[in-house]
Amino acid sequence: MTIHEPATLATDYLLALLAGWCGWRLGRRANPPQRWWSRALCLTAASAVIGGTHHGFGPLLGEGSSVALWRATLLCISLTSAAMSMAFVEELAPPARRLLWQRIVWIKFTGFAALGLALPIFLVAVADYGLAMFALAFLAHITARAWRAPMLAAIALSALAAVVQQMHWGLSARFNHNDVYHLIQGTAVFLFYRAGKKLAGNAKSGK
């Protein structure tokens with residue numbers, strides 16, 4: 001069996017291994033925001049596995065299966081965005097407002113998931129994830145909690161990765177923009193994990 005995009009498949013699967021390991025590590029003895037952050041990392045791993053399979057084997061599986069894999073990838077990215085948002089609802093929202101913010105998160109997810117299924121292009125997932133990153137960057141900027149520095153660094157790298165992917169900045173025909181995107185995003189994932197270890201619920205100390 002010939003792999004269609006071997007470098008993209010390999011970097012996607014490596015990203016999945018890293019994100020899955022980080023999610024598993026964080027999920028052990030986690031507090032409520034850390035549980036959501038762990039789910040976000042595990043969903044990142046799932047989207048990388050599905051995306052890598054699409055890039056590597058999609059053309060061999062037929063058009064229907066390839067499209068299904070791609071739509072599943074976009075759905076996982078939207079779920080990742082929702083899980084990250086839910087972590088920060090648990091981390092920062094006052095109990096009286098938590099339900100309202102939870103509903104806003106899932107309304108946003110429903111809208112982008114529907115758009116992604118109707119218009120299955122990566123820009124939809126980038127917009128969904130990007131809005132979550134913008135909100136997290138704002139929250140990190142206005143707080144003084146222990147997760148602030150690694151969170152801002154991870155968000156900056158995620159933004160850089162998105163620019164590289166959308167501008168098609170690859171190193172060569174055999175190591176394209178998607179592969180560079182995965183390498184940058186892998187570093188961001190590790191920083192997200194480091195930030196997630198410092199999530200402390202509504203504790204003011206951030207320890």
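**View 1. Helices H1 and H2 pack at an angle of about 165°, and their axes lie 8 Å apart.** Welcome to this predicted model, which we tour here in a handful of close-ups. Angles over 145 degrees count as roughly antiparallel, and H1 and H2 are therefore roughly antiparallel to each other. Their crossing is left-handed. If you sort the residues of the contact of H1 with H2 by class, you find 15 nonpolar, twelve polar and one charged.

**View 2. Helices H6 and H7 pack with their axes 8 Å apart, at an angle of about 170°.** That angle makes H6 roughly antiparallel to H7. Here too we can name the hand: the crossing of H6 and H7 is left-handed. On the H6 side, the residues that meet H7 are Pro150, Met151, Ala153, Ala154, Ile155, Leu157, Ser158, Leu160, Ala161, Ala162, Val164 and Gln165. Their partners in H7 include His177, Asn178, Tyr181, Gln185, Phe192 and Arg194. By class, the contact of H6 with H7 holds 17 nonpolar, six polar and one charged residues.

**View 3. The largest pocket of the model has a volume of about 560 Å³.** A total of 29 residues line this largest pocket, and those closest to its centre are Ile77, Phe122, Val126, Tyr181 and Gln185. Six helices each give two or more residues to the lining: H1 (6–27), H2 (32–61), H3 (63–92), H5 (122–142), H6 (148–167) and H7 (177–196). H5 gives the most to the lining of the largest pocket, namely seven residues. If you are thinking about chemistry, the lining of the largest pocket divides into 15 nonpolar residues, 13 polar ones and one charged. Tyr181 and Gln185 may look familiar from the view before, as both belong to the H7 side of the contact with H6.

**View 4. The second largest pocket holds about 460 Å³ of space.** Look for Ser85, Trp101, Val105, Ala135 and Leu139, which lie nearest the centre of the second largest pocket among its 17 lining residues. The elements that supply two or more residues to this lining are H3, H4 (95–118) and H5. H5 again gives the most, this time with six residues in the lining of the second largest pocket. The lining of the second largest pocket comprises 14 nonpolar residues, one polar residue and two charged ones.

**View 5. The model has one cavity of 30 Å³ or more.** About 60 Å³ of space lies in this largest cavity. Its lining is made up of Arg71, Leu74, Leu75, Ser78, Phe112, Ala113, Gly116, Leu117, Ile121, Val124 and Ala125. Two or more of these residues come from each of H3, H4 and H5. By class, the lining of the largest cavity has eight nonpolar, two polar and one charged residues. For a thread to follow from view to view, try H5: this helix gives two or more residues to the lining of the largest pocket, to that of the second largest pocket and to that of the largest cavity.

Technical notes: Residues numbered from 1 in each chain as written. Predicted model: local features only at pLDDT ≥ 70, side-chain atom pairs only at ≥ 80, totals over all residues. Heavy atoms only, no water. 1 Å grid on protein atoms, 1.4 Å probe; cavity = no way out; pocket = protein on both sides within 12 Å on 5 of 7 lines; lining within 4 Å. Points joined across faces, edges and corners; volume = space filled by probe spheres on them. Helix = DSSP H or I, 4+ residues; strand = E, 2+ residues; numbered from the N terminus. Nonpolar A, V, L, I, M, F, W, Y, C, P; charged D, E, K, R; others polar. Axes fitted to C-alpha atoms, helices over the stretch in contact; angles between N-to-C directions. Parallel < 35°, antiparallel > 145°, perpendicular 65-115°, else oblique. Left-handed = near helix turned anticlockwise from the far one by under 90°. Contact = heavy atoms within 4.5 Å.
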